[in-house]
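Take a moment to load the chain and turn it around on screen. We'll walk through its sheets, its domains and the surroundings of its ligand.

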Amino acid sequence: MTALQVSDLTKRYPTGTEALRGVSLEIQPGEFFGLLGPNGAGKSTLIHCATGLARPTSGSIRIFGHDAVDHYEQARIAVGLAPQDLNIDWFLTLEETLDYHGGYFGMRRKERKERIAELLDAFSLTAKRNDRTRTLSGGMKRRLILARALMHRPKLLILDEPTAGVDVELRLELWHYVQRINQEGTTILLTTHYLEEAEQLCDRMAFINDGRIVAEGTSDALAAQYGVASLEDAYLELVGRKELSRGILAGDSGEATS
Ligand SMILES: Nc1ncnc2c1ncn2[C@@H]1O[C@H](COP(=O)(O)OP(=O)(O)OP(=O)(O)O)[C@@H](O)[C@H]1O
């Protein structure tokens, strides 16, 4: 069964913007799949449609066979979302944050308690379990976001630019965590602006531009499709060299990609 099946999806916002113009995509169980594209390409809109935060104008989305548009409940249970923005309640402790999330997804008290202990340990957060989330460091907040997304044992984890604005050390640490989650069997959809990140983590990826999937495959296949030597060159063919000169492909630590 396909983990995520998006068929001919369109999304027109009330403003008239056509954010998605017939997107079709399939991600297989266990895959680590990257969605790459410039600002405004439609990545967040696609994620919002797949997580029930936005309603597509037309087309269909199935998550492990469950309709994610009209009968969302089963599909929603199969998905964990780690959003780009740190949308945490700053007045809750770490344990409460995970506990409320588990409760929302219908987990029983005993199951929640066990899962919280397991996740706090896996993400090296046990010592902080009774602290309020606002006292955490940036890296700990990112790890908590990941732990919360995994709390209800989703089969598909969606990571929306998980390392945007983080330093190199934390980026490597987060890569390590998400690779392990994938190796343990969770399917992952990652959006990122960092080509190095996509190359390190993803089995396959797709380029999205102006609401359309314009290329799809492994890093090597994408390069071959554009007749260039690397993923970076293929991406530059897609977005044009202007974006690179504005620094969008460079990490926050200042490491340049060309
Ligand atoms: N709620 C909204 N109402 C109207 N237009 C929107 C809304 N959300 C996004 N858009 C528009 O839809 C298009 C796609 O935006 P989207 O946020 O999906 O792109 P993105 O690829 O995630 O970009 P970024 O990399 O900057 O996050 C853009 O033109 C954007 O301005």
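Which residue is the bridge partner of Arg12 in β2? That would be Glu18. Keep in mind that this is a predicted model, and let's use that pair as a way into the first sheet.

Arg12 sits in strand β1, which covers residues 4–12 and runs antiparallel to β2, with 7 bridges joining the two. Further along this pairing, Leu9 stands opposite Val23 in β2. The hairpin that β1 and β2 make has 5 residues between the strands, and there Gly16 takes a positive phi near 100°.

Now step to the other neighbour of β1. With β4, β1 pairs in the antiparallel sense over 5 bridges, and Thr10 has Ser58 in β4 as its bridge partner. Strand β4 (residues 58–63) is in turn joined to β5 by 2 bridges, again running antiparallel; here Arg62 is matched with Asp67 in β5. Put together, these strands give an open sheet of 4 in the order β2-β1-β4-β5, with antiparallel pairing. Its edge strands are β2 (18–27) and β5 (66–67), each of which pairs on one side only.

There is another sheet to look at. This one is open too, built from 6 strands in the order β6-β7-β8-β3-β9-β10, and its pairing is mixed. At its edges stand β6 (79–82) and β10 (212–217); each has a single partner strand, so one side of each is left without a neighbour in the sheet. On average, neighbouring strands here are turned by 20° against each other, direction ignored.

Zoom in on the β6 end. Strand β7 (residues 156–160) runs parallel to β6, and 4 bridges join them. Within that pair, Leu81 stands opposite Ile158 in β7. Helix α5 (residues 138–150) packs on the sheet here, touching both β6 and β7, and its direction makes about 165° with that of β6. As background for both sheets, strands of a sheet pair through backbone hydrogen bonds, either parallel or antiparallel.

How is the protein chain divided into domains? Domain 1 takes 4–78 + 154–245, while domain 2 takes 86–153. Their C-alpha centres lie 25 Å apart. Where they meet, 10 residues of domain 1 are in contact with 10 residues of domain 2. On the domain 1 side, helix α6 (residues 168–183) gives the most, with 5 residues. The residues on that side of domain 1 divide into 9 nonpolar, no polar and 1 charged.

The residues around the ligand have another make-up: 3 nonpolar, 8 polar and 1 charged. Which residues are they? Going along the chain, they are Tyr13, Thr15, Thr17 and Ala19, then Gly37, Asn39, Gly40, Ala41, Gly42, Lys43, Ser44 and Thr45. Helix α1 (residues 43–50) supplies the largest share of this shell, 3 residues.

Finally, zoom back out to the record. An unreviewed UniProt entry carries the annotation "domain: ABC transporter" over residues 4–235. In the model, the end C-alpha atoms of that span lie 24 Å apart, and the span is 38% helix and 25% strand.

Notes:
Residues numbered from 1 in each chain as written. Predicted model: local features only at pLDDT ≥ 70, side-chain atom pairs only at ≥ 80, totals over all residues. Near = placed C-beta within 6 Å. Nonpolar A, V, L, I, M, F, W, Y, C, P; charged D, E, K, R; others polar. UniProt positions renumbered as here; feature names shortened; annotations may be inferred. Pairing = 2+ DSSP bridges. Axes fitted to C-alpha atoms, helices over the stretch in contact; angles between N-to-C directions. Contact = placed C-beta atoms within 7 Å. Domains from an automatic or database assignment.
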